[in-house]
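Notebook open, coffee poured. I want to look up a few salt bridges, some strands and one loop residue, and jot down what I find.

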Amino acid sequence: MCVASEVTAVTARAQTAKEWQVRGEVGDAACNVEEVETANEQQLHEILAELTNTTYFRLFPVDLSRKCKFWNKQKETDEDKHEPSCSAPAEEDPSNPFGGGSSNAFAPAEQAPTACSLDLASKDPGSMKWAPATTPVDRRITEQEHVAIAANDDGANDCADADLPEFWMDMCGYDAPPPGSEDHGALEYVNLQLNPERWTGYNGSHVWSAIYEENCLKQSGSVDDMCYEERVLYRLLSGMHASVNIHIALKAKTPKKGVVGREDWSADPARFAAHYGQHPERLRNLHFSFVVLLRALRKAAPTLGVMDLSLGQDKAEDARTGALMRRLLDTHILSSCSGVFGAFDESMLFRGGAGVNGEASSPVAELKSQFKGVFHNISEVMDCISCQKCKLHGKLQLLGLGTALKVLLLPEHLHATALSRSEVVALVNTVAKFSHAILAAPELAAAHSDASTRAATAAAPVPDLSSAGIMTASSDWTPATTRSLMDAAISAVAALASDGAIGAADEDALVDAAVAADPRVLILARHYGVGDPSKFAQHALRAVRSGPFVGYSSYTAVASSSVKSSQVDVVVVGGGLAGLTAALTALDRGGRVTLVEKEGYVGGNSQWASSGINGVDLTNATNPDTVETFESDCWRSSLGGGAGAATGATLGCDAVGQSRSKSNDDASKSDNSTPNKNDSCSALGGPSPESVEHIPTLAAGSVETLTWLRDRVGVDLSRVGQLGGHSHARTHRPASGMAGSTLVLALQKQCETYAKSGALTWRKKTRVDEITMDPATGAVSGVRWTTKDGTVGFDSAKSVVLATGGFANDREGPDSLLRKHAPDSTRFATTNTKGTTGDGHKLAFGVGAQGVDMANVQIHPTGFVDPNDPKASTKTLAAEILRGAGGLLLTRDGRRFADELGTRDYVSGRMLAEAKAEAAAGGLEVGEDVSLDFALVLNDAGAREADKHVPLYTQKGLLREFDTVEDLAAWLDDELRAKDMRGHHAADTVATVRATLAAYDAVAKSGGPDPETNKTFFHNAPFLVPSGKFYAGRVTPVVHYTMGGVRVDNLGRVVREGGDGSVIPGLYAAGELIGGVHGRNRLGGNALTECAVFGRIVGGDVPVASSSFVDAGGGAAPTAAAPARTARRDVTREELSRHKSEESCWVAVYGEVYDFTDFLDEHPAGAEAILKYGGTDGTAIFDSVHSRDMLDDFDAVGPLVD
């Protein structure tokens, strides 16, 4: 950094704002900062604010849907490796603003003059991480505005002419495409007044890094050493960066009810100071950029003064807009501010002459081409901003700068035909933004100065740190220095906390250390505090967590006095995917966690999920999926409906289709858990969703969650499929093993590392009886629990996370949630484990939580009917991947009746419609015997795709293999009583099945759609092939998922009943327990997604008193010493056969014998699933369910020998 004295710079930051605010010459322009600020405050700012609030200038045409072309770019080939590249920091460094590479976009031809190529996929994934689309833009346009837009869409000329002097006509062609072009058709008008620039939580450092990196100039000693063209472009970008940061700092703190001064979005002066306290040159660049924009306004004044700014819908509004523009361009203002409007001299650009360091410059034409090429590339980088509002303002301001350059570099006689409406709108709004930023910067600086002065006045006496042993007393290190460094540290922490970059616990730890003048933290503040706050926090947290600084008694005393007792940070109730994810996320942040699970093993229902976990994989360039498409699929599914649901199949309607509807008004007034007598399904089937507010969070969060599971948890999710209701393949599963059990075991393994270190406590076979509350504050204080042996205990914690799953097996008893909210559902079997009884719902409702969508219970169409126990109340789910792989659903007599890839409510509805039709024709009544049984049939190709599922289900006797159509038809006759069907009965089942398959193959060959079911995807067709096998099983509708649950906010905090939106302090919920995510119907694969996404959210939000269990990077906790291994020995089959009881259970897997005795109670599927294979070779069943790396946690007794 180009700062003469770090101590002096930090000390100055704590003094008055004027001492570190930019003053003097702007540089590269014939004016000073004071002149710019005076003209802005006295003349320009008010006019610009009024002008940008007119209809013409607040409606900005922009394309926010264009995909980023850089993140997934192919890695360089061998022949490309000689090309130089550069790297740049996210926040520009004025001494080396473009990094350490040697490429120069403006260098002479013999120095490889091509602009550097962005290849962000090859960069460090931590710094170049992709983020999901977030903070959507408010796209509302009034009817009057829409009419005005349609009538006045500009007709800018095609600016593709490369001949000089028209060369600069296409400067803005990327974001202001000419009318009639394909790109122009993608533009949509956005009301800028409805989308103010403010903090969104988005970390755009990777995008800013790419912007500076794309401006990949020759490395110079400083900005002043650059050639003029390089310097101008850099300073314009830096000025835009400053404008963005200032506007974010102005609205950085979210509104908080009941907090004085926080009723609306408020400023964060500390954030501003962290960016600019030591870098006034960045603010100087803002002033320079403003001057360039004003010069462009003056040069374009003849054209702008006569431009038609009317929209034709409101004459008064049109007249006002024109008057404001003329006032801005008024000769009096131009002359009174002439020192500002004319300060920049564009004629200095591209004059040739000496280049950098006295070297000969490139030919002028080549230099121009490179300059424009760099700007175009930076324009494309804007598409890589995943925060939609951030992208909107980024594109607006970059287009404004581009328009200014275009005006300055084109001959004036071309302006009239060169400027489009979008460019003029962008130019004026960008000038206004920079004007506002310049006006606000001194106010933010003064506010920070006042806060620093108050803090310094109130602070305790500052110790002389020379006594610490690592700092020597000298003339440049005094108590005043210590105080200024304390201020620097606290300011950096405040900025990071405001950005959401650190949690509350880390913020507390760092502030405590700074206030206590921990010398390690202050030294770090000296070198990192302002220049790189993230690095400061990373190193400071490691230092603080290592324990108090030895040799400095004052800090030791403060640290010791603030240490809490054995209270844990959070109690997680429930050990399924949501609970494990929340626990690991909190543990990675340095928290202490207790996880309570009522079963003897973790996993819950998550362990049985086999189809996969949904997620938008933005690293896969071949998959056209987007967050927006995923979100759209979820919205459509949440509404229910379709041919199937219209039959009354969806839960909430009884067997004869009686309606129990709930109005939206009734829904909003209903209490937390009491059923409304009017609850029921509408004509489309199922109660209307009370809320699906969390669909955007689910879809957007799936992106980073997928990455987290792969990179942090280490799960293989290399296979992907398309399930019913999805527009694209986005359901990820491991290459070996089932998705649910693989995820659970991987998370359990990571959590176990923390258990060995003491950071995590497992409480299994323990039921939480009560959430305890602090009567004084109404906040959570912990939980009371009882073990299976009757032991009663209490865990104290400031936060409790409920992750107990749904209530799909809560059938009996006076407090049965199914009987209370969805009584019709109790006539169906369920796929859920015996523990899925809504424990968390009851705990939450007991402390005043609000419920949502409790009547919406999902009937899944394909639960396997076990031929050995057809009346079992709990059934195995036939995973959705079977239909995704091309499986067909047939009636008992061999007919297709639905699009197998339809949503679950649709397919279940079609099943019930078939059953009703048979009953109406005099056949079996609905629900009688096999009336609701159907056949699920796969061919060889589909079975190969579902190569883990089919062997597993076949071994369990749920699928059968058939060599011919005749064999399949005979099975339908014998097991499903095909010939007893009424209504659609055919004498020859073989002929019916063959005709069904032949018709399907024909439609598949034609590409569809199927005229009977409208099916459009025909995976793994055809069915009738020589020597083709079939796999078939009996399936029936089953209760599978409860969409309703506890209402939470966007951080997973449980909302109180009463409708005011307030939360129960300290109480969180995640997973199937929460409502507001799925509406009437859940898409296949979204269960695991919901658990992981919201588990990460709550685990990241619960306050933790950071301990020493994890470093700042979130690595694994220290592990206990491993026990000594028993010597391996050969095991004969005879010896193996003797170990098949709960006291000693051995199983052979892949030729090795393992002792699973101690694991029986821990096994997610229960002890019986292992005991069944005790004393035998269980390789086949293990291979069909698990991945081999599960065995890494077990030491083999030895090899199996004959």
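**Salt bridges**

I started in helix H11 (residues 315–328), where Arg320 and Glu317 sit three residues apart, so about one helical turn separates them. Note to self before going on: this is a predicted model.

I then checked the side chains of that pair, and Arg320 and Glu317 do meet in a salt bridge, at 3.9 Å from N to O. The cut-off is 4 Å, so I count the pair as a salt bridge.

Buried or exposed, what is Glu317? Glu317 has a relative accessible area of 17%, so I put it down as buried, the limit being under 20%. Arg320 comes out at 33% relative accessibility, which means it counts as partly exposed.

How many salt bridges does the structure hold? I get 44.

I picked out another one, between Arg520 and Asp518, and its closest N and O atoms are 2.8 Å apart. Both Arg520 and Asp518 are buried.

I also pulled up Asp893 with Arg895, a salt bridge with closest N and O atoms 3.2 Å apart. Asp893 is buried, and Arg895 is buried as well. I then looked for salt bridges that share partners, and found that they join Asp63, Arg66, Asp383 and Lys395 into one network.

**Strand S15**

Next I looked at strand S15, which covers residues 934–939. How many of its residues are buried? Six of its six are, so I wrote the strand down as mostly covered, with under 20% relative accessible area as my test for buried.

I split S15 by face. In a regular strand the side chains alternate between the two faces of the sheet. On one side of S15 I have Phe934, Leu936 and Leu938, on the other Ala935, Val937 and Asn939, and all of these are buried, leaving both faces covered.

Which strands did I find paired with S15? Strand S14 (residues 888–890) is joined to S15 by three bridges, and the two run antiparallel. In that pairing, Leu890 stands opposite Ala935 of S15. Strand S17 (residues 1030–1042) also runs antiparallel to S15, joined to it by six bridges. There I noted Tyr1031 in S17 as the bridge partner of Leu938.

**The three-stranded sheet**

I moved on to an open sheet of three strands. What is the strand order? I read it as S5-S7-S6, with antiparallel pairing. Strand S5 (613–614) and strand S6 (719–721) are the edge strands, each pairing on one side only.

I followed S6 to strand S7 (residues 731–733), and the two pair in the antiparallel sense over three bridges. Val720 has His732 in S7 as its bridge partner.

**Thr626**

Last entry, one loop residue. Where does Thr626 lie? I located Thr626 in the loop between S5 and helix H24 (627–638). Its relative accessible area is 16%, so Thr626 is buried.

I checked polar partners and found the side chain of Thr626 in a polar contact with the side chain of Thr629, at 2.8 Å. I then left aside neighbours within four places in sequence, and Thr626 is in contact with Lys67 and Val616.

How values were computed: Residues numbered from 1 in each chain as written. Predicted model: local features only at pLDDT ≥ 70, side-chain atom pairs only at ≥ 80, totals over all residues. Heavy atoms only, no water. Pairing = 2+ DSSP bridges. Helix = DSSP H or I, 4+ residues; strand = E, 2+ residues; numbered from the N terminus. Buried < 20%, exposed > 50% of the residue type's maximum accessible area, 1.4 Å probe, protein only. Polar contact = N/O pair within 3.5 Å; in protein donor to acceptor, adjacent residues only side chain to side chain. Contact = heavy atoms within 4.5 Å.
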